[in-house]
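Got your viewer open and a cartoon view ready? Let's take a short walk together, one selection at a time.

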Amino acid sequence: MSNLKPITLAGCLLAAAASEANQNQVQNCPGLTDEGNVNNGTRQILNFSKPGYANTLDTDLGRVMYVPVDFTKTIGKIKPLHGVNNSPITYGDPLEEFTQAGIPYMRTHDTAGGFGGARFIDVANIFPDMDADENDPSSYDFAFTDAYIKGVIASGTRIFYRLGATIENRHKIKAYHINPPQDNSKYARICENIIRHYNEGWANGFKYGIEYWEIWNEPENPNMWTGTMAEFFEFYRVVANHLKNKFPHLKIGGYAGCGFYGMNRHNNSEFTRSFVTWFDEFLKFITNKKTAAPLDFYSWHLYTTDPMEIIMHAEYVDKKLKNAGLKDCENIFNEWNYIDFRNENRWDDMKGMLGATFVGAAFILMQHSPIDKAMYYDALPTRAYCGLYEFPSKRTTKTFAVFKAFNELYQLGTAIDTAPNPEKDLYVLAAKNSDGSKGKMLLVNRRISGVVVKMQLTGMTKAVSARRIDSFRTLEPGNIIQSNGAIVLAPQSVIIVEFEK
């Protein structure tokens, strides 16, 4: 793993991340300086960008971590983990930010707000009269969904299409679209024609080649499904079998489960514990010969502030799928974010360095997990859960910058076999291009203290550039690589380093 050299680290490293004075400087830090003629106890200035700072830490003031990075040892492709739910709605124009960050997938759930904006994505919005003829193109209203999807496709992002309904958080007043369909077979035929519209040009449609079609979302949640478990299982069986029969080349799955909080969290309610029961019974149902149904992927959710909890749940899902004989079923994590619902600042924290370093750590850990794809919730600027944009300015956030940084490794393509978590709250991921001439590394420090990293390189000659995301910088270069090759990670920061052979 790593060879750690513990030496004293002053508490001013915490202040470095929080200080508002002179951006990259910290005041009143006795003894922590790169100037040799300053006495302890006097007013000091610590400059994180000044050459030689890491040399000073290396000898007597910091904590040095030696990280071996062998670019000759690979572990497959970097996974498409930086997908999202939703986006700004441009009505056909490409999204520059999505192109910049190389967003691989956009999941269409809760699109455009409550009730799907009454026009977007949801089956009830596209086919508003359930008594109409499902074979007649005039029974469908694709207009707003067409315009929305066009802009996303133009950005280079693929669609992960959720067939079903938007969450109805006030369903106790009246539930509109989350009741079990009266005719499951007709609902399946409607879904078939939606797929034909976007993939086969039906009803003046398109040939987008959308591969993933997800049946419903969080049926364990009364805000999403007012029926029983048995009713949902039968609904899934009918729709999934019909769609797989019509489109055997497509990925048909679901059910976007609420998650498995009851598995490891204490003091859970009977409601959250029931999510595990749903999963167990669903797997029994679809693998029973009498009620068999296809499951090309299983999708699930988790909101947490601990990236290791994601891995715990991912391994749980993986084990359950394999035990059920579904070894080829994809493990798709398609709602997640940095959220503690007890924290009143949660909507702000997810946009800043707390959320950014969490996302960076999650990407790194997920790369080494059974998760095949991930989609962050959410990228619609008006939504509270949106950690990628400010509103109403639509400026991108620190968290968005981490998506861009991870995409640089994703574009290189090949993951390096580097220990992802060499020490608690420090994370490392490396990648290289196809000919091995270039490599990059993502370093994430979730600590409230700084650290100095020295890399022991194999297969690359040296680090040639580095950029930092912290409280004051957003992927900006600086004097991050020191003369001795060390790299300074300020508290709660993310750094991307580029190497050459």
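The tour goes from the barrel to the helices and ends at aromatic side chains. Keep in mind along the way that this is a predicted model.

**Stop 1: the barrel.** Start by selecting strands S6 to S13. These eight strands close into a barrel, following the order S6-S7-S8-S9-S10-S11-S12-S13, with parallel pairing. On average, neighbouring strands of this sheet are turned by 30° against each other, direction ignored.

**Stop 2: one strand pair.** Now select residues 83–85, which form S6, and residues 105–107, which form S7. Two bridges join S6 and S7 in the parallel sense. To see one partnership, pick asparagine 85: its bridge partner in S7 is arginine 107.

**Stop 3: a helix across the strands.** Next, colour H7, residues 229–246. Helix H7 lies across S8 (158–163), S9 (212–215) and S10 (251–257), and runs at about 160° to S10.

**Stop 4: two packed helices.** Keep H7 shown and add H6, residues 184–200. How far apart are the axes of H6 and H7, and at what angle do the helices pack? The axes are 9 Å apart and the angle is about 40°, which makes H6 oblique to H7. The crossing of H6 past H7 is right-handed. Show side chains here: the H6 residues that meet H7 include Tyr187, Cys191 and Ile195, and among those on the H7 side are Phe235, Val239 and Leu243.

**Stop 5: aromatic rings.** Finally, display the aromatic side chains; the structure holds 57 aromatic pairs. Then centre on phenylalanine 144, where arginine 119 lies over the ring face, 5.0 Å from the ring centre.

Definitions and conventions: Residues are numbered from 1 along each chain as its sequence is written. This is a predicted model: local features need pLDDT of at least 70, side-chain atom pairs count only at pLDDT 80 or more; totals for chains, interfaces and linings use all residues. Side-chain values use heavy atoms; hydrogens and water are left out. Rings of Phe, Tyr and Trp (its six-membered ring) pair if their centres lie within 6.5 Å; planes under 30 degrees apart count as stacked, over 60 as edge-to-face and the rest as tilted. A charge sits over a ring if NZ of Lys or CZ of Arg is within 6 Å of the ring centre and within 35 degrees of the ring normal. Two strands pair if DSSP finds at least two bridges between them. Helices (H or I, at least four residues) and strands (E, at least two) are DSSP runs, numbered from the N terminus. Axes are lines fitted to C-alpha atoms, for helices over the stretch in contact, and angles run from 0 to 180 degrees between N-to-C directions. Contact means heavy atoms within 4.5 Å. Angles under 35 degrees count as roughly parallel, over 145 as roughly antiparallel, 65 to 115 as roughly perpendicular and the rest as oblique. A crossing is left-handed if the near helix is turned anticlockwise from the far one by less than a right angle, and right-handed if clockwise.
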